[in-house]
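This report looks at aromatic contacts, surface character and charge pairing in one protein model. The sequence and structure come first.

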Amino acid sequence: MKKFNFDRFRLRKVRLDELNDRVLLLNLYLTQAAVLILGLLILWFQNPSLQMMFSLMNPGRIALWGILFALGVILVDLLVSRWVPPEVTDDGGINEMLFKERPLWHIIVISFVVSVCEELLFRGAIQAAWGPYWTSILFAAIHVRYLQHWLMTGMVFGISYGLGWIYIQTGSLWTPILAHFVIDLVMGCILRYRREE
């Protein structure tokens, strides 16, 4: 029987200067497709009530919780970026590369795709089995680019836990999706338009 040679497959760190815009976007959308498929597969076996999960019974409450949480996260992030040295919040330049030249419509699309896919997997599928604490640990762990900085890892964990908490409070997955969307959209626009000043 022929043995498979695993030595040929090595993971290596990709430098930012090796990425071009096309590769970055392809990586982003393929990753989000994988997250969406994984979330749907988990939900298939959990067989939740999708009607309850995506309930819009109280849209005002959903909007209030989602937008207030997002504004709180954005405020904390802006304060941290103002008072903490840039090397502590460095993500390797990925976010800047992703948003710096992007038109507004594409920032909106990216923010929407990421918020729907990630919240379906983490809040919709995983949190139902693991709870918000362990889900947030996993959420922080997959944001690999932040793991080298304890402050950013803690912030990602806190944001994830908050998203799980507002989902529990409202009972609708639209709440964390809205909050995640607003956070990504505003932060993407800040990165995009700050450079033009």
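How many aromatic pairs does the count come to? The model is a predicted one. Counting ring pairs whose centres lie within 6.5 Å, the total comes to six aromatic pairs.

## Aromatic pairs

Take Tyr133 and Phe157. Their ring centres are 5.7 Å apart and their planes stand at 80 degrees, so the pair is edge-to-face. The cut-off for that class is over 60 degrees. This contact links distant parts of the chain, 24 residues apart. Tyr133 belongs to helix H5, residues 104–142. Phe157 belongs to helix H6, residues 150–170. Both residues are partly exposed: Tyr133 has a relative accessible area of 44%, and Phe157 has one of 24%.

Phe157 also pairs with Tyr161. Here the centres are 6.2 Å apart and the planes meet at 25 degrees, so the pair is stacked. Stacking requires planes under 30 degrees apart. Phe157 and Tyr161 are four residues apart in helix H6, which means about one helical turn separates them. Tyr161 is partly exposed, at 34% relative accessibility.

Which residues do the ring pairs link into a cluster? The members are Tyr133, Trp134, Phe157 and Tyr161.

## A nonpolar surface patch

A nonpolar patch of about 660 Å² lies on the surface. Its residues are Trp130, Tyr133, Trp134, Ile137, Tyr161 and Trp165. H5 and H6 are the elements that give two or more residues to the patch. The largest share, four residues, comes from H5.

Some names recur. Tyr133, Trp134 and Tyr161 belong to the ring cluster and also help make the patch. Phe157 is in the cluster, but its relative accessible area is 24%. Patch residues need over 30%, so Phe157 does not qualify. Ile137, a patch member, is located in helix H5. Ile137 is partly exposed, at 32% relative accessibility.

## Salt bridges

How many salt bridges does the structure hold? There are two. Side chains of opposite charge can pair when their charged atoms come close.

One joins Arg102 to Asp21, with the closest N and O atoms 2.5 Å apart. Arg102 sits in the loop between helix H4 (94–99) and H5, while Asp21 is in helix H1 (residues 21–46). The bridge therefore ties together parts that are 81 residues apart in sequence. Are the two partners buried or exposed? Arg102 is buried, with a relative accessible area of 6%. Asp21 is partly exposed, at 36% relative accessibility.

The other joins Glu119 to Arg123, with the closest N and O atoms 2.7 Å apart. These residues are four apart in helix H5, so about one helical turn lies between them. Glu119 is buried, at 0% relative accessibility. Arg123 is likewise buried, at 0% relative accessibility.

## Arg123 and a ring

Over which ring does the charged end of Arg123 sit? The ring is that of Phe139, and the charged end lies 5.0 Å from its centre. Arg123 thus has two contacts to inspect: the salt bridge with Glu119 and the position over Phe139.

Methods:
Residues numbered from 1 in each chain as written. Predicted model: local features only at pLDDT ≥ 70, side-chain atom pairs only at ≥ 80, totals over all residues. Heavy atoms only, no water. Buried < 20%, exposed > 50% of the residue type's maximum accessible area, 1.4 Å probe, protein only. Lys NZ or Arg CZ within 6 Å of the ring centre and 35° of its normal. Patch = residues over 30% accessible without salt bridge, like charges linked within 9 Å, V, L, I, M, F, W, Y side chains within 5 Å. Areas by Shrake-Rupley, 256 points an atom, 1.4 Å probe, with all protein chains shown as cover. Salt bridge = Lys/Arg side-chain N within 4 Å of Asp/Glu carboxyl O.
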